[in-house]
Amino acid sequence: MRLKLGCAAVLALSAVVGTAVDEAPQIPITMRAGYRVLEVDLHSHTRFADGFLSPFDLVLHARRKSLDALAITDHNILFPALMGRAFSRAVGGPTILVGEEVTTRDYHVHAIGLTSRIDASLPLDRVIDEAHAQGAVMIAAHPVKRFWPLLVPARHKFDAAEVMHPIAFGDRRGGGWSWEEMRTYYEDARAEGHNLGAVAASDYHFFSPLGVVRTLVFAESDGEEHILEALRERRTVVFDANGNAYGNAALMDALRREPYQMRAQDYNYRGNGALDVLFRTLGFMALAGVFLFGRRRVRTG
């Protein structure tokens, strides 16, 4: 019992210290081509779907990652995004875009800027029309080849497609996931004359990679409506793992004339200094101790 109480005390102390040293980084305002350059992650999940964090934790994590804006896009539900937006406004966090990843066996699409949930049982054309009727932006989520039978005929109706995704850093071809197929979907659509915007998104579920890839959005401000307006007008630029740019040609030219330095982003978690790392480590150890020493001993004999 003493060990359990000791672990609980260390866990509580670690939470207090970790919160105290977890300062929000200052984000500079950078202008290019007459617009503010925003770093935005347009695909993330909470524990209400298949993620790990609550909407509130996700907001704090996005602030820690120096994101200007984050779209919360849980599968076929909307309320976690509404919760996250309300919380972020209360604590002065990043702009939260209310979204839904409309998910079926045959396709995944993002509707961002919704006011009400969209029924995933509707045909894809109806899903897109319903989202646009609400003023939302429609994005083809990780459009790999397995989803092409429905996504290809509908790509003229999308506002954007994910061009960059964390699968670009690995090899998941055996599981039906290939980053090259995502890029091909986007490039084929552009070659056919469809003016798809380019999106990069982390598809965040757990651990550290929130914002490991992100979209540069060129907007009048970091306000929700201005970001949605920029997405509708295809004012985005995305860089792949090799530094190749995709998106709005005029804005890519502006970045070639005056390069933009992306904020630090990677898969690793380094902590906010030695004290933060120490107490986070102690917190994980203490949490394990609570479960280990909290188990009831079973009498035998």
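Reader: Why is Leu97 called buried?

Author: This is a predicted model, and in it Leu97 has a relative accessible area of 0%. Buried means under 20%, so Leu97 counts as buried.

Reader: Where does Leu97 lie, and which residues does Leu97 touch?

Author: Leu97 lies in strand 4, residues 95-103. Leaving out residues up to four places away in sequence, Leu97 touches Leu42, Leu70, Ala71, Ile72, Ile112, Glu224 and Ile227. What makes these contacts is the cut-off: heavy atoms within 4.5 Å. As for Leu114, that residue is 17 residues from Leu97 in sequence and 8.6 Å away in space, C-alpha to C-alpha.

Reader: Leu70 turned up there. What makes a set of residues a nonpolar core?

Author: Two things: the residues are buried ones from a list of types that includes Leu, Val and Phe, and they are joined through side-chain atoms within 4.5 Å. The largest such core here has 51 residues. Those with the most contacts inside that core are Leu70, Val109, Val127, Met138, Leu151, Phe158 and Tyr185. Helix 6 (residues 179-191) gives the largest share of this core, 5 residues. There's also a second, separate core of 18 residues, with Ile112, Val137, Ala160 and Val199 among them.

Reader: And which residues does Phe158 touch?

Author: Not counting residues up to four places away in sequence, Phe158 touches Val109, Ile128, Met138, Ile139, Ala140, Leu151, Tyr185, Leu196 and Arg234.

Reader: On to strand 2. Why is strand 2 called mostly covered?

Author: Just count: strand 2 spans residues 35-41, and 6 of its 7 residues are buried. Buried is under 20% relative accessible area, so "mostly covered" fits strand 2.

Reader: How do you know that strand 2 pairs with strand 1?

Author: Pairing takes at least two bridges. Strand 1 (residues 31-32) and strand 2 have 2 bridges, in the antiparallel sense, so they make the cut. Met31 stands opposite Arg36 in strand 2. The two strands form a hairpin with 2 residues between them, and Ala33 in the turn has a positive phi of about 55°.

Reader: What joins strand 2 to strand 9 and strand 3?

Author: Bridges again. Strand 9 (residues 215-219) is joined to strand 2 by 5 bridges, running antiparallel, and Leu216 is the bridge partner of Glu39. Strand 3 (residues 69-75) is joined to strand 2 by 2 bridges, running parallel, with Val40 opposite Ala69. At least two bridges are needed, so both of these joins count as pairing.

Terms used
Residues numbered from 1 in each chain as written. Predicted model: local features only at pLDDT ≥ 70, side-chain atom pairs only at ≥ 80, totals over all residues. Heavy atoms only, no water. Buried < 20%, exposed > 50% of the residue type's maximum accessible area, 1.4 Å probe, protein only. Helix = DSSP H or I, 4+ residues; strand = E, 2+ residues; numbered from the N terminus.
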